[in-house]
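Hi,

Here is the structure I said I would pass on to you. Have a look at it first, and then read my notes underneath.

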Amino acid sequence: MITLFDRASRPLIKRILKTYVRPYTGWVVQAMIWMVVGAAMSAVFASLIQPVLDDILINHKRHLVVPVAAGLFICFVLRGVSGYLNTVLMNKTGQHIVSDIQNDVFSHLMTLDVGYFHKNASGTLLSRITADTGVMRMAVAEGLTNLGKNSLTLVLLIGVMFWRDWGLALAVFVIFPITAVFISKLGKRLRKVSTRTQESIGLMSALLTQTFQGIRQVKAYGREDFEARRMEGKFDDVRDLNIKNVKIGTLNTPVNEILAGLCMCGLVLYGAQQSRLGHLSPGELMSFITAFLLSYEPMKKIAKVNNTLQIGLGAASRVFEVLDTQARIPTTGGEKPPITVYDVAFENVEFSYTGDDDRALNGLSFNVQPGQVTALVGPSGGGKSTVLNLLLRFYDPQSGNIKVGGHDIRSLDPSYLRAQMALVSQDITIFDDTALANIAYGRGGASEIEIMQAAKAAHAHEFITGLPDGYNTRLGENGVALSGGQRQRIALARAFLKNAPILLLDEATSALDAESEALVQESLNALQKGRTTLVIAHRLSTILHADNILLVERGRVAEQGNHANLLAKGGLYAALYARNQIAA
């Protein structure tokens, strides 16, 4: 029991009780009432053994048979009913608590910046919400259900033992401190191993998620055996740690049995001597032994609950680690000024993803005029996609300023800032939902008519109506049943529906065939009208008519102008064009 209240455990237990158990105080109080009833009935049962032996079996007091028998029956009925109600109420409380924790963890994750998700694999985060909270559920349910009940039962039964023979009770009571110290040391080891186990489960989940998401690549490159061997190692790690958990967690069983055996041996020897001398009646001795045997069971359960709680507290520390993570870039908070002119300006922006000298942008400066199309081109790794990441404020630069409509974006409410922009990239996310819901993701609360108009503008209406259930057809995970062009047009429909004044296009046609590109490009041309557009592209068809082209190299603007001017300069842009790195 000591480990339940050691310095490492107290803050976690206090936080769980204060934040998550307190709202369900009513249920906990009801459960505790039934807990007291159940514990009291165990003590009553042990006490009734004395009149059964002394008064009924030895002294043949027939008038006590019915009352004592009825008392035993009522005792068992109340134990059964109280045990059922206590268990149901405590498990109900535990389920609600874990559901609240899962909601809090997921809601908090939604407030964290993109950088956090880039540093933490999705499988690992999934493990925190499912596996870790599942372990916490078991710990909370068992802890609330069994810890109080068994502790109270143990105290009452010890009271019965002291009532029957305080000297004998003191001798027997020596085993409880010994057992408590042993459980304490065992619990500390168990928590360390359980934390490692949950971490291994997180790594396993992360690898599984990556493999399932990349199954096409796995198949295409014949890496099935490699992935199977790699997962085998992760499975084996989890297996070995779980075995270690069992070995440590069940060590208390042989120790408790040995100590209990010694006590029983002493009880029989001492009790027989006291009974022969007339200091203890057979009924009193049997009542004492019954109380001891009944107390041994809750003592074992407390040890088991301690193991479960230590594992749960290890999981809780990992869950609270997520909850305590502060977002570098908040989701809300900041100014929401009216913006009438939607220009974009980068002023001497310096940025590194790792925070060291390996910079993605090195003093980048440029202006995007309102209502014009500006294209970013250049070698891979030059910093083009970083520009969009910073403009959307997925990250903040180490130095320099980024302005939209003359306002520094760091002073703006991030949600308000992102509401001014629509992003269409080559990496399209299609949710396992209907076509209607996927397009509606662009703007919450849009009507079905508005959604269909957006689909028509994106040239998606025709193929959607050809699906088995039309707009109500589920598109599968990541739109598995759609072609690349169809997925792209769903993304464009989202952008049309959002109707934001700033449009960001990140290689929006790079993976399309000629026919699909023609349809998508037609949609893009319509989408760009009247909007401030920033385009990242390699295909000439996408940037040929751009008002301004910025060639970005090593995080700086190396050349600037329109297509004809840049070709005439004969610089890097012309060289890339000549090497087909800007393709027609």
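**The sheet, starting at one edge**

Two bridges join strand β4 (residues 399-404) to β5, and the two strands run antiparallel. Keep in mind as you read that this is a predicted model. You can find both bridges by residue: Lys 403 has Asp 408 as its partner in β5, and Val 404 stands opposite His 407 in β5. The two strands form a hairpin with two residues between them, and Gly 405 there takes a positive phi near 60 degrees.

Now go to the other partner of β4. Strands β1 and β4 pair over five bridges, again in the antiparallel sense. One place to spot this is Phe 346, which stands opposite Ile 402 in β4. In case the pairing itself is new to you: strands of a sheet pair through backbone hydrogen bonds, either parallel or antiparallel.

Put together, this is an open sheet of four strands in the order β2-β1-β4-β5, with antiparallel pairing. Why do β2 and β5 each have one side without a neighbour in the sheet? Both β2 (361-368) and β5 (407-408) stand at the edges with a single partner strand each, so one side of each is left open in the sheet.

There is a helix to look for here too. Helix α12 (residues 384-391) lies across β1 (344-351), β2 and β4, and runs at about 110 degrees to β1.

**The nonpolar cores**

Which residues touch the most other members of the largest nonpolar core? They are Ile 439, Ile 464 and Ile 490, out of 45 residues in that core. Helix α17 (residues 484-498) gives the largest share of this core, with seven residues. Try clicking on Ile 439: leaving aside neighbours within four places in sequence, its contacts include Ile 451, Ala 455, Ile 464, Tyr 471 and Ile 490. Ala 493, Arg 494 and Leu 497 are also in contact with Ile 439.

Apart from that core lies another one, of 31 residues, with Leu 364, Leu 392, Val 404 and Ile 536 among them. You have met Val 404 already, as the residue opposite His 407.

**The whole chain**

Zooming out, the protein chain has 21 helices and 10 strands. Buried residues make up 47% of its 584 residues. Of the contacts with a separation of 6 or more, 78% are between residues 24 or more positions apart. The chain exposes about 28400 Å², and carbon and sulfur atoms supply 58% of that.

Cheers

How values were computed. Residues numbered from 1 in each chain as written. Predicted model: local features only at pLDDT ≥ 70, side-chain atom pairs only at ≥ 80, totals over all residues. Heavy atoms only, no water. Pairing = 2+ DSSP bridges. Contact = heavy atoms within 4.5 Å. Axes fitted to C-alpha atoms, helices over the stretch in contact; angles between N-to-C directions. Core = buried A, V, L, I, M, F, W, Y, C linked by side-chain atoms within 4.5 Å. Buried < 20%, exposed > 50% of the residue type's maximum accessible area, 1.4 Å probe, protein only. Areas by Shrake-Rupley, 256 points an atom, 1.4 Å probe, with all protein chains shown as cover.
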